[in-house]
Every structure is written in structure tokens, then in C-alpha cells.
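Colleague: I'd like to learn how to read pockets, cavities, strands and salt bridges in a model like this one. Could you take me through them one at a time?

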Amino acid sequence: MTMVRRNRAFCIALNLGIALLLEGAWVPAVDAQSTPPDVAGATGIGQPGDLRGLPQLASAAGSSQASRPRPRRRRRAAVLRLPAVTQYGIPRLHVKAAYVVDANNRVLFEKNPDRILPIASLTKLVTTMVFLQTAPDWDRVIEIVPEDVHHSSRTRIRPREEITVRDLFHAALMSSDNAATKALVRTCGVPVDEFVRRMNLLVDSLGVPETHFVEPTGLSEQNVSTAQGMARILRAATESDVVSAITQKTEYSFTSNRRVHHLVNTNRLLRSQWDITGGKTGFIHEAGYCLVTNVKGPTGIDVTAVVLGAPSNALRFAEARRILDWTFRFGLGLPQTTPAGD
């Protein structure tokens, strides 16, 4: 009897010691602030000696640490930067030259309008005018040769493709495709040297003698003009309904004997709030990013805007938007042009 009492007392003491040991081991590890209220209520955490909550505690504490969101860094408020302007309130542009003129030859904005600069693929406006003088057959099919593609920089046309004159004309004006331009000139019936001579005679007749060409694509930095001269050239080129209509298209697709071509107009202003009635882009490293475009204003006034020598493609259109926005807001109300300066 005495032995049974001793064993029972020993078991009670042992259980009590285990309970006290467990209570001391896990109670300090519980962080009431980090334990979600719903977990504490569900498992009975916070009640010493209740072993039912011990396994749940380990998993709940681990998941709480893993899922705790990291503190977000506060972003600094963006600094308000107003467009830089001259003392006259005219935008100060990051381009080499710019020019805006209306249909009555009233100059609305200018920056270095007479500075002679490379014009890259703006050259193709004069190329298309001379090409139209050859009375082209739009349905005639031209086979592309390796010489058309060689050193053509920007092109998706490949040798041995058979493409109509109409589709090549679209490619030259919309996506500034140099292989398409070479193929048109090569097959128009006029030798290349004579074709370039006609290009120079044409710009002389337009009254822009500072403009000069050595080849028909614009890949040479020796093809030069001024912002003022390019405005006059675009006006003359878009007198052609064909040129005007094509340069207003945002997209165009055609099929050669080998593949389908999808063209997207490089003039991003066609996808802006402005009503664009014609235009052309150009780029080579020596010229920077260039743009000339016709725009019909909110009141129906037609203007021609030119940007030469922008440092990036995005800035070319950003600066064009700035001068057009300024022109339609303020420039049309000025008695005469105020020089933009540098």
C-alpha cells in the first residue's frame, strides 16, 4: 500500500514538473504583439499549461513572420518642373533648329531657321516628287535585288521579293524604307545621277537653294537643308494628293510573293490629339532625329512645323508637341515672331 502511494506521488510530481518545465519553455517565446488575435483565440495561446496550443503556435508564429508585410518606403513627391522658356515665354527647345509657319507664310516660331543641317530621310519628300514626274505605273511589280538591300540600314524588305510600285511607295514614305526607295529610283527609267540632279533642280525652283542632295535616300550626311527650307518642301510635296494621303495613314499592309508586310507610320503625331495632314520623319547619327509635319489647328488654321537635330526619338515628338501647343495657345495671337534664341 505504501509502495502504491509512493508511485502515485512520484507520478504526480513528475507530471507537475513536466508542466512547469513546458510552461517556462514556451511562455516567454510568445509575443503577444506579433500573434494575430484570431490565432490566439483559436489555439488558446496565453493560457499556461494548455498543451493543445503548442503545435499550432509554432506554425502560426512562422507564418506570421513570413507574411508580415515589409514597411514601404515613402516616395518623394515629384518636383514640379515647368518647361524652360525664354524671356518672351517661348519654349526653349533641346533641338538644333525648329520652325513653325502658317499657310500664309506667317512665321509663328523659329529657332535657327537658316542653319544648314543634315536632314536624313526628310530627303525622301523630294525623292517622291521627282519620282512622280516619271508618271509611275502603280501596279508594276519590281523584283528587289541585293543592291537595293545592301547598306540600306532601315528595311524589312529582302532580295528576290516582288513588290508593286504602289507598295514600295508606301514603304518609302510611311516607314522610311531605304531599300524600297532604292528600288523605286533604280527602276523609274532615270539614271541615279540624273535623278539626283533633278532633285537639286527641283529644290532650286522652290526657292530653297541652301538645300542640296548627293543621293536619294537620306543616308548621306551631305544631304542638307534648313528648317525653313524643309517647311517649304513639305508644303510642295503634300500638294500631291498621293503624298498627302499616304503620309496621313497610320498603318498599311501589303503582300509580296514571299511574305506579308505591315507598315506603321513613323510619325507618332498621327496618334496624338493633333489633326495631321502630312509629314515625314528622318534619322541618321549625323542629323539626329528630324520631323516635318503639317497640322490643322482647332480653328482650322494650317501650320507646318519642323524639328531638326533632336537628341532622341521621344524628344523629337515631345518638342514638336511643345511648339505646336505654344503656337495654337499663344503664337497665333502675336503680331510677329519673337526669336526663340538658344
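Modeller: Let's begin with a pocket lining. The residues around the largest pocket divide into ten nonpolar, 14 polar and six charged. Keep in mind that this is a predicted model.

Colleague: How much space is in the largest pocket, and which residues are closest to its centre?

Modeller: The general idea comes first: rolling a probe the size of a water molecule over the atoms shows where empty space is left. Here the largest pocket has a volume of about 610 Å³. It is lined by 30 residues, and the closest to the centre are Arg 154, Ser 175, Ser 176, Val 264 and Thr 266.

Colleague: Which elements supply at least two residues of that lining?

Modeller: Strand S8 (260–264), strand S9 (275–284) and helix H11 (313–329) each do. S8 provides the largest share, five residues.

Colleague: Ser 176 caught my eye. Where does it sit relative to H6, and what is its phi?

Modeller: Ser 176 comes just after H6 and takes a positive phi of about 55 degrees. The helix before it, H6 (residues 165–174), is mostly covered, with nine of its ten residues buried. Among the buried ones are Phe 169 and Ala 172, and both of those also line the largest cavity.

Colleague: Then let's turn to cavities. How many of 30 Å³ or more are there?

Modeller: The count comes to one. The space in the largest cavity is about 50 Å³. Around it you'll find Lys 124, Thr 127, Thr 128, Phe 131, Phe 169, Ala 172, Thr 181, Leu 184 and Val 185.

Colleague: Which helices build that lining, and which gives the largest share?

Modeller: Helix H4 (123–132), H6 and helix H7 (178–186) each supply at least two residues. The largest share, four residues, comes from H4. By type, the lining divides into five nonpolar, three polar and one charged.

Colleague: What about the second largest pocket: how much space does it have, and which residues line it?

Modeller: The space there is about 200 Å³. Its lining is made up of Glu 147, Asp 148, Thr 181, Lys 182, Val 185, Arg 186, Val 192, Glu 215, Pro 216, Thr 217 and Leu 219. Helix H5 (146–149) and H7 are the elements that give two or more of these residues, and H7 gives the most, with four. The lining has four nonpolar, two polar and five charged residues. Notice that Thr 181 and Val 185 also belong to the lining of the largest cavity.

Colleague: On to strands. Which strands pair with S11, and in what sense?

Modeller: In general, the side chains of a regular strand alternate between the two faces of the sheet. As for this case, strand S1 (residues 97–102) pairs with S11 in the antiparallel sense over six bridges, and Ala 97 stands opposite Leu 308. Strand S10 (residues 288–296) also runs antiparallel to S11, joined by seven bridges. S11 (residues 302–310) is mostly covered, with eight of its nine residues buried.

Colleague: What lies between S10 and S11 in their hairpin?

Modeller: Five residues lie between the two strands, and Gly 300 in this hairpin takes a positive phi near 90 degrees. Lys 296 has Asp 302 in S11 as its bridge partner. The side chains of Asp 302 and Lys 296 also meet in a salt bridge (3.0 Å, N to O). Asp 302 is partly exposed at 26% relative accessible area, and Lys 296 is partly exposed at 32%.

Colleague: How many salt bridges are there in the whole structure, and why would helix positions matter for them?

Modeller: A search of the whole structure finds seven. An α-helix has 3.6 residues a turn, so residues three or four places apart point the same way. Take Glu 194 and Arg 197, whose side chains meet at 3.0 Å, N to O. They are three residues apart in helix H8 (residues 192–205), so about one helical turn separates them. Glu 194 is partly exposed at 23% relative accessibility, and Arg 197 is partly exposed at 44%. Together with Arg 198, they are linked in a network of salt bridges.

Colleague: And which salt bridge shows the four-residue spacing?

Modeller: Arg 329 and Asp 325 are four residues apart in helix H11, so they too are separated by about one helical turn. Their side chains meet at 2.8 Å, N to O. Arg 329 is exposed, with a relative accessible area of 58%, whereas Asp 325 is partly exposed at 30%.

Methods:
Residues numbered from 1 in each chain as written. Predicted model: local features only at pLDDT ≥ 70, side-chain atom pairs only at ≥ 80, totals over all residues. Heavy atoms only, no water. Buried < 20%, exposed > 50% of the residue type's maximum accessible area, 1.4 Å probe, protein only. 1 Å grid on protein atoms, 1.4 Å probe; cavity = no way out; pocket = protein on both sides within 12 Å on 5 of 7 lines; lining within 4 Å. Points joined across faces, edges and corners; volume = space filled by probe spheres on them. Nonpolar A, V, L, I, M, F, W, Y, C, P; charged D, E, K, R; others polar. Pairing = 2+ DSSP bridges. Salt bridge = Lys/Arg side-chain N within 4 Å of Asp/Glu carboxyl O.
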